[in-house]
Structures are given as C-alpha cells and as structure tokens.
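Hi,

Here is the structure I promised to pass on to you. Please have it open while you read, as my notes follow below.

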Amino acid sequence: MEIDAPELSEADAAACRDFVDTLPDRVGDQERVESEGAFGAAYGDPPIVVTCGVGKPDHLMTNCTSIDGVDWYFEESDEALIATTVGRQPAIEIVVPAEYDQTAPAQVDLGPAITAHTTAGQGCTG
C-alpha cells in the first residue's frame, strides 16, 4: 500500500518522520501492515490509513470533538470515516473504512504519538 507523501517544510517533515517512527503496532484490533511513504502508516485489510502533514480539509466540518487532548474534525461517508486533527501542526488524517468500529479507537490509539510529535494550536473551541 502506498501512502501519498505531501510536500512539507523541513520542520514538518522531521515531525512526521518522528511521528511515524513512534506509531503503535496495532490500531484497534488491526495490526500494522507494510506500506510505502515516509509520512504515514496502514493497519489491517482494508487498511486504516494514517497520514501526517495533510492540508486543511476542503471545508470545515461541523463535527469537531476532543479525544484525549486532541481535537478532530470528522467526515463520514458510506465508505469511510475521515478524521483530521484540528489546530495541530503538522496535521494528521486517519481514514477508517466503514467495515471497522467508528467509535474512535484509532484516535485513542494514535493520540500519544500525535501529542508527542505535533504542536497544538487553536482547536475546536477557538
């Protein structure tokens, strides 16, 4: 599985590499699988895809929630739940296929790496 590598500043690229290096071996009940791309990881089949350094969503989503100190915007479709961090630099996106639990295990499992390797800014309440 190939994960698109966004163009990042040197500082964001370094933060994303550190983030990816500290990601857990499992998200929810899915094991990490082989993936290509310096700024992301994949878990399970179909893959839960985690990408560091994404841009702001095309539109601000109205569903903003704080989970374990990380603020997220959520977009749901029939195919997947897309969760994008709010007020974090660099931003993190998680795409969770509809086949999996949509009640935030990915956000909880990835929270420690996100808080350790991204800078918090203005979140949901700002």
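**Hairpins, core and prolines**

Strand 3 and strand 4 make a hairpin that has four residues between the two strands, and Gly44 in the turn shows a positive phi of about 80 degrees. Before going further, please keep in mind that this is a predicted model.

The pairing of strand 3 with strand 4 is antiparallel and runs over four bridges. One pair to look at is Ala42, whose bridge partner in strand 4 is Val49. On its other hairpin, strand 3 pairs with strand 2 (residues 30–33), again antiparallel, through two bridges. There Arg32 has Tyr43 of strand 3 as its bridge partner. Six residues lie between strand 2 and strand 3 in that hairpin, and Gly37 takes a positive phi near 125 degrees.

Which way do the side chains of strand 3 point? Gly40 and Ala42 face one way, Ala41 and Tyr43 the other, and all of them are buried. That fits the general pattern, because side chains in a regular strand alternate between the two faces of the sheet.

A third hairpin is made by strand 5 and strand 6, with two residues between the strands. Strand 5 (residues 63–67) pairs with strand 6 in the antiparallel sense, over five bridges. Asn63 sits opposite Phe74 of strand 6. The residue I would point you to here is Asp68, in the loop between strand 5 and strand 6. Its phi is near 50 degrees, which is positive although the residue is not a glycine. Is Asp68 buried or exposed? Its relative accessibility is 56%, so Asp68 counts as exposed.

Now to the interior. The largest nonpolar core holds 27 residues, and those touching the most other members are Phe19, Leu23, Tyr43, Trp72, Ile94 and Leu110. Two or more residues come from each of helix 1 (10–21), strand 3 (40–43), strand 4 (48–54), strand 6 (70–76), strand 7 (80–85), strand 9 (91–97) and helix 2 (105–117). Tyr43 therefore turns up in several places: it is among the core residues with the most contacts to other members, it is buried in strand 3, and it is the bridge partner of Arg32.Helix 2 has 13 residues and spans 19 Å from its first C-alpha to its last, close to the 18 Å expected at 1.5 Å a residue. A kink of about 50 degrees lies at Gly111, shortly before the proline Pro112. The buried residues of helix 2 are Ala106, Gln107, Leu110, Gly111, Ala113 and Ile114.

Finally, the cis peptide bonds. One joins Asp45 to Pro46, with omega of about 5 degrees. Pro46 lies in the loop between strand 3 and strand 4, and it counts as partly exposed because its relative accessibility is 27%. Apart from neighbours within four places in sequence, Pro46 contacts Pro97, Glu99 and Tyr100. The peptide bond from Gln89 to Pro90 is also cis, with omega near -10 degrees. Pro90 is found in the loop between strand 8 (88–89) and strand 9.

Best wishes

Note on methods: Residues numbered from 1 in each chain as written. Predicted model: local features only at pLDDT ≥ 70, side-chain atom pairs only at ≥ 80, totals over all residues. Heavy atoms only, no water. Core = buried A, V, L, I, M, F, W, Y, C linked by side-chain atoms within 4.5 Å. Buried < 20%, exposed > 50% of the residue type's maximum accessible area, 1.4 Å probe, protein only. Pairing = 2+ DSSP bridges. Expected span 1.5 Å × (residues − 1). Bend = angle between axes of the 7 residues up to and from the residue. Contact = heavy atoms within 4.5 Å.
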